[in-house]
Amino acid sequence: MNRSNVLVSLDIGTSKVKVIIGEVTNDGLNVIGVGTAESNGMKKGAIVDIDQTVHSIQNAIEQAERMIDMEIKNVIVSINGSHVHLQSCHGVVAVSSETREIGDEDIRRVIDASQVISIPPEREIVDVYPQQFVVDGQDEINDPRGMIGVRLEMHGLLVTCGKTNLHNILKCVERAGLEVEDICLQPLAAGEVALSKDEKNLGVALVNIGAGSTTVSVFVEGQMIDTLVVPLGGDNITKDLSIGLKTTIEEAENVKKDYGHAYVPEAQKDVTFSVTTIGSNEKKEFDQVLISEIIEARLAEIFDFVRKEIRRMGLLELPGGYVMTGGVVNMPGVTELARDIFRTNVRTSFPTYIGVREPQFTVGLGTLQFAHQNAKIQGKVFQEGIGKLNQAEPVPSMENREKPRREQKAKPKKEDKEPILKKLQNYFFD
Ligand SMILES: Nc1ncnc2c1ncn2[C@@H]1O[C@H](COP(=O)(O)OP(=O)(O)OP(=O)(O)O)[C@@H](O)[C@H]1O
Ligand SMILES: [Mg+2]
């Protein structure tokens with residue numbers, strides 16, 4: 001069966017909130033809407049101001065809604081790795097039906113069984129991602145539905161998140177008038193679109209350089225084995241430039257995007273620009289070589305952290321090399337610098353979908369694909385992410401934008417289809 005599902009992903013980043021509406025089938029993805037908005041309530045990948053974050057989410061959602069002229073109701077939220085802990089889990093059940101044919105119910109039970117595990121009180125289980133099923137001793141089964149067996153086992157990845165962080169994310173999405181359809185781990189999502197099967201099998205590191213954080217995740221033998229976050233990113237480069245050029249953060253950000261180069265040997269002396277010095281009206285001229293020295297120093301520091309962390313994971317060699325993605329990768333020279341530092345094969349990953357060809361959309365696109373895949377394995381059915389606009393409701397005036405129409409709406413209660421997510425929402429909101 002090749003059912004299509006319109007899903008909406010929500011990536012609440014430090015610099016931008018990104019919304020992607022996509023029609024997902026087993027064969028691929030068709031992007032039908034995108035929305036991005038400045039993110040004002042985030043620092044280093046974590047929410048620091050709920051009101052501001054809600055407002056940013058609403059702006060991005062409304063922009064995407066305008067593209068398709070429909071209302072977004074349900075979203076799949078991606079969470080970054082900074083407060084996330086991964087552990088392997090294992091569940092065993094006896095196949096329940098008399099015919100011994102494995103069905104949805106057995107899969108649900110084995111996934112539930114794998115969560116009977118003690119976790120610290122300040123943490124909450126977000127989801128379980130099945131990695132392989134074992135039927136009567138036969139392993140490496142992706143989907144055991146329809147097979148015959150007596151004993152069903154599942155080996156998976158259990159994801160837990162700090163309660164406070166998860167609460168903040170869910171609260172913001174809820175207050176923006178949206179239902180959380182699923183929660184997806186960003187590194188797993190990004191791996192879905194940025195990495196090839198071969199790379200994941202050989203052993204590869206995926207490095208997502210965002211504004212407030214850099215996320216490293218390592219895949220070996222087809223599975224993600226670890227992820228961690230270095231709290232440094234594009235914002236630090238901007239700050240360094242603003243100090244070095246004695247200019248405002250805003251101007252430094254523009255200079256970085258328009259003239260930035262991450263690799264000094266390839267930067268050009270004859271690419272020049274002028275910026276206003278802070279505290280005066282004077283403009284001063286600089287060239288690309290000077291700013292690339294500042295940028296390269298900061299990125300090299302970030303890459304050094306990445307290399308050390310990978311060593312600490314006990315991995316001395318990654319035959320699949322390094323794959324770089326995230327907004328900062330838009331800057332020329334990142335790959336060259338990374339090759340110098342990591343001394344192995346490095347490539348960048350730019351999504352190939354029309355309208356979202358920039359590396360900051362890797363997570364959002366991957367969220368749609370990963371959630372679809374994972375739902376299929378777990379036997380979950382997603383509600384459509386979008387619905388018709390409610391014509392009866394008045395469109396808010398400009399001065400009333402603080403409280404858009406979606407905020408006053410009563411949300412329909414969903415049926416209990418996803419035990420973990422439901423438990424989480426009950427825990428925090430009921
Ligand atoms: N052309 C460009 N040159 C240099 N940097 C760029 C360019 N385009 C975007 N960036 C930088 O990329 C960063 C944003 O990337 P991204 O959208 O992936 O981050 P985020 O998801 O908002 O943050 P995080 O993942 O850390 O929470 C910003 O620091 C921005 O300045
Ligand atoms: Mg991000």
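**Notes on a first look at this model**

1. Let's start inside the protein, at lysine 18, which sits in strand β2, residues 16-24. This is a predicted model, and in it lysine 18 is buried, because 27 other C-beta atoms lie within 10 Å and the cut-off for buried is 20 or more. Leaving aside neighbours within four places in sequence, lysine 18 is in contact with Asp11, Gly13, Thr36, Ala60, Gln360, Phe361 and Gly364. Take alanine 60 from that list: lysine 18 and alanine 60 are 42 residues apart in sequence, yet 6.4 Å apart in space, C-alpha to C-alpha.

2. Two of those contacts of lysine 18, Gly13 and Gln360, turn up again at the ligand. There are 23 residues around ligand 1, and those that come nearest are Gly13, Gly210, Gly234, Gly327 and Gln360. Sorted by class, the shell has three nonpolar, 15 polar and five charged residues. Helices α6 (234-244) and α7 (249-259) each supply at least two residues of the shell, and α7 gives the most, with three residues.

3. Where does ligand 1 lie with respect to domain 1 and domain 3? Ligand 1 lies between them, because both domains give residues to its shell. Note that domain 1 is written in pieces, 5-82 + 163-193 + 357-429, while domain 3 is 196-348.

4. Now for some overall numbers. The protein has eleven helices and 20 strands. Of its 430 residues, 45% are buried. If you take the contacts with a separation of 6 or more, 70% of them are between residues 24 or more positions apart. The pairs in these notes that are far apart along the chain give you a few places to see this for yourself.

5. A word on confidence. The mean pLDDT of the protein is 90, and 90% of its residues reach 70 or more. Two stretches need care, though: over residues 392-405 the pLDDT is below 50, and beyond near neighbours in sequence this stretch has eight contacts in the model. Residues 407-417 also have a pLDDT below 50, again with eight contacts beyond near neighbours in sequence. Where pLDDT is low, the predicted coordinates should not be read in detail.

6. Helix α2 (residues 104-114) is a good one to look at end-on. Its buried residues are Asp106, Ile107, Val110, Ile111 and Ser114. Seen down the axis of α2, these fall within an arc of 135°, so they line one face of the helix. What covers them includes β8 (84-94), β9 (123-135), β11 (151-162) and α10 (362-378).

7. One of the strands over α2 is β11, and leucine 158 lies in β11. Is leucine 158 buried or partly exposed? Leucine 158 counts as partly exposed, because it has 19 C-beta neighbours inside 10 Å and buried starts at 20. Not counting residues up to four places away in sequence, leucine 158 touches Gln87, Cys89, Ser114, Gln115, Ile117, Ile125 and Val128. Among them, Ser114 is one of the buried residues of α2. Cysteine 89 is 69 residues from leucine 158 along the chain, and their C-alpha atoms are separated by 5.9 Å.

8. Over in helix α8 (residues 288-312) you'll find glutamate 296. Glutamate 296 is buried, with 22 other C-beta atoms within 10 Å. Apart from neighbours within four places in sequence, glutamate 296 is in contact with Ala262, Tyr263, Val264 and Leu337. The C-alpha atoms of glutamate 296 and glycine 333 are 8.9 Å apart, with the two positions 37 residues apart along the chain.

9. Threonine 352 belongs to the loop between β19 (346-348) and α10. Threonine 352 is exposed, as it has 9 other C-beta atoms within 10 Å. Its C-alpha atom is separated by 9.6 Å from that of valine 193, 159 residues apart along the chain.

10. Finally, check the backbone at two aspartates. Aspartate 69, in the loop between α1 (50-68) and β6 (71-72), has a phi near 55°, a positive value in a residue other than glycine. Aspartate 69 is exposed, with 10 other C-beta atoms within 10 Å. Aspartate 136 is in the loop between β9 and β10 (138-141); its phi is near 45°, also positive. With 13 C-beta neighbours inside 10 Å, aspartate 136 counts as partly exposed.

Note on methods:
Residues are numbered from 1 along each chain as its sequence is written. Chains are lettered from A and ligands numbered from 1 in the order in which they are written. This is a predicted model: local features need pLDDT of at least 70, side-chain atom pairs count only at pLDDT 80 or more; totals for chains, interfaces and linings use all residues. A residue is buried if 20 or more other C-beta atoms lie within 10 Å of its own, exposed if 12 or fewer, and partly exposed in between; C-beta atoms are placed from the backbone. Helices (H or I, at least four residues) and strands (E, at least two) are DSSP runs, numbered from the N terminus. The arc is that of the directions from the helix axis to the C-beta atoms. Two residues are in contact if their C-beta atoms, placed from the backbone, lie within 7 Å. A residue is near a molecule or strand if its C-beta atom, placed from the backbone, lies within 6 Å of it. Ala, Val, Leu, Ile, Met, Phe, Trp, Tyr, Cys and Pro count as nonpolar, Asp, Glu, Lys and Arg as charged, and the others, Gly among them, as polar. Domain bounds come from an automatic or database domain assignment. pLDDT is the predictor's confidence in each residue, from 0 to 100.
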